[in-house]
Amino acid sequence: MPTAVELGGAVTGTFHPRDEQQDRSATGEPPWMRRVLARMRAEDGWYLLRSRSALPDAVLVGPPGVLVVLLRAEPPDLADTRAAFVRVAELLAGVGGPRGLLTEAVVRTVVVHPEGAAGFGRSGEHLVLGESELDRALRRGDPVLTAEEVRAVARHLDDRAEHLRPDWNPAVVPGQRGDPGLFEVADVRAQRVERALDKPFRDWRTFLDDTQLGVVRRHYSGPARITGPAGTGKSVLALHRLAYLARRTTGRLLFTTHVHNLPRIAKEDFRSLAPQLERRIEFVHLHALARDLLAARGRDAEVDEPRVDAAFTAVWRSPLAEPLRAHRPSKHYWRAEVERVIKGRGIREFEVYRTLARRGRGTHLPAAVRSQVWRFYCEYERELSERGAFDHNDVLMRALAELGRHPLPRPYAAVVVDEVQDLTLVGLRLVHALSGDGPNQLLLIGDGQQQVYPGGWRLSEAGIALRGRGEILRRNYRNRGAIVDRAGALPAINRFDDLDGGPTVNLAAAHPVLGGGQVVEWTGTDQEQALLTALRALDDPTDAVVLTRTRAAADRWEQVLRAAGIPVQPLDRWDRRSGGCCHVGTVHRAKGTEFRSVFLPDEQHHGGDRGDEREARERHRLVAMTRARDYLWIATR
Ligand SMILES: Nc1ncnc2c1ncn2[C@@H]1O[C@H](COP(=O)(O)OP(=O)(O)OP(=O)(O)O)[C@@H](O)[C@H]1O
């Protein structure tokens, strides 16, 4: 049995070897511990707080963050290292300053053992160091806290934590008394944020605002929803929330979305936030998740796009399409009716479709036309089955049915859905089936103004009841003032208002944290030349993107840039580190990305001028414009 030992006058930790126990009973602690603590106390710019309670043994606060220290000659239980972490993280809740409130991403547990101690695996959640590795560890890591912040955090712990007492060496921590604190007047805040954005570390990992941190830490008794206009830190919050929950649960957590690039981008961002927790979280596109679930259960689930297209085209060319065409000629519109309205909402009977509210779909369809649409849809289903093909909706529906028959053997501890406004109702039902209704198990994040696919569901139709569990973010951290003003003036309708009951806020009401910015509205005849000139005139032409509505336009701009000698990369491959290239892509691929400069060339008018088409265009434009941090170039010819 491990023996409890005295440390600093109080019972802390566990300890094994007999000789060290004897040594400790004489002096209070064994020599290796004294050496480790002395080494920590001596480190320039760090503050050491000794613990009077069992967990942790000490806390070290320095420029790279807060270390929760366990001194152990035997490997500790995960429960102990977790408990020590959570204890210190809870004490830090609410430490704030001009850059915001400190997040627990700055906190790291470190287990230090004497040289030669055996059995210390690398658990992943905490750092394990031999005594001799301490020097390297203390000097490793980018500074995330300034000297003032380090001091303020140490002082906060000293004030708040009765079991922690300061043990720092004034000689190596100069000026620790009487300095200005972490708290400054609000008008200094914006300047500080501005400067923080230029710093080598990414501020959002270290500091959040009060609303964001409130959501990260809140206990929700059931499904909850976070909304807020573009750039207000919803995705950032999702990552912090996952890390927070991962520390306090066991099992896997899920981040999912309908947006193509986002799982990859979110995973990379999470790695920079909490690398030690990465293994606990699956970042996966909802369709890939459904496909993998079916495949794991021996069920065929591959979508053969060409066969699906062929099935739709065959019906579109048949006489069944004629009444539809007469009503509205666009193939794209009717495909969306089948995919998003009928199948996407899981409708299986004409009687339901006959009276269905089709919000945001524009064209009113009398019952007689609906029955023609229904026949068209049934024929499409027949064509699919004749070809032995599934479409994307089929995969989601089959996965949902599969979960109904056999739920996951090990449910997710929590599910976070980003860009929820673009899920279909069937997709929403699937995430709900994956998460359940338990406390903190489902967090839905989205913004109705950025919807790029027609939807039309209510959360209640997926059996999800929010009961007021929700939050709105309003502070825009991405776009400078001029860009928020320009994009906020777009009449992009937010259908979240009438779709899931909770209140929402549009971009026009967001508060940009950063002022300035530039919007150039170009008109003229030689668009290519004008765009190239503007691009070349930028300080950094590589942190820029040309966004288009159509794939064809993106391909054309790619050629134009290449011909002009500008290195280009498709948007699909964007990540925060990709430099040296200008990006080009469609708005659909732009979700999750951001650039210093965004170029929106004028395109052949595409997609008609009906109310619903204009509405979709405005929302696409809002998404495109809000990818820009500093500079926006918009062409109209
Ligand atoms: N508290 C914060 N401090 C500093 N920067 C922040 C903070 N919160 C978010 N950011 C930054 O603001 C930008 C936008 O954040 P994020 O992508 O999470 O917003 P979003 O609401 O998901 O945007 P969108 O809806 O447009 O996708 C990112 O560059 C992020 O790093």
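This report walks through the domains of a predicted model, then one of its sheets and the helices against it.

## Domains

The domain assignment splits the chain into four pieces. Domain 1 covers 3-166, domain 3 covers 305-389 and domain 4 covers 517-635. Domain 2 comes in two segments, 216-298 and 406-499.

## Where domain 2 meets domain 3

Measure from centre to centre over C-alpha atoms and domain 2 and domain 3 sit 29 Å apart. Their contact draws on 11 residues from domain 2 and 10 residues from domain 3.

On the domain 2 side, helix 18 (residues 425-435) chips in the largest share, with three residues. As for chemistry, that side of domain 2 has five nonpolar residues, alongside three polar and three charged ones.

## The six-stranded sheet

Now for an open sheet: six strands, ordered 9-8-5-4-3-10, with mixed pairing. Strand 9 (127-130) and strand 10 (164-166) are the edges, each pairing on one side only. On average, neighbouring strands here are turned by 30 degrees against each other, ignoring direction.

Zoom in on strand 3 (residues 47-51) and strand 4 (residues 58-62): they run antiparallel and are joined by four bridges. Tyr47, for instance, has Val61 of strand 4 as its bridge partner.

## Helices on the sheet

Helix 2 (residues 31-42) packs on this sheet, touching strand 3, strand 4, strand 5 (65-71) and strand 8 (107-113). Its direction makes about 25 degrees with that of strand 4.

Then there's helix 3 (residues 78-92), which lies across strand 4, strand 5 and strand 8. Helix 3 runs at about 140 degrees to strand 8.

Definitions and conventions. Residues numbered from 1 in each chain as written. Predicted model: local features only at pLDDT ≥ 70, side-chain atom pairs only at ≥ 80, totals over all residues. Domains from an automatic or database assignment. Contact = placed C-beta atoms within 7 Å. Helix = DSSP H or I, 4+ residues; strand = E, 2+ residues; numbered from the N terminus. Nonpolar A, V, L, I, M, F, W, Y, C, P; charged D, E, K, R; others polar. Pairing = 2+ DSSP bridges. Axes fitted to C-alpha atoms, helices over the stretch in contact; angles between N-to-C directions.
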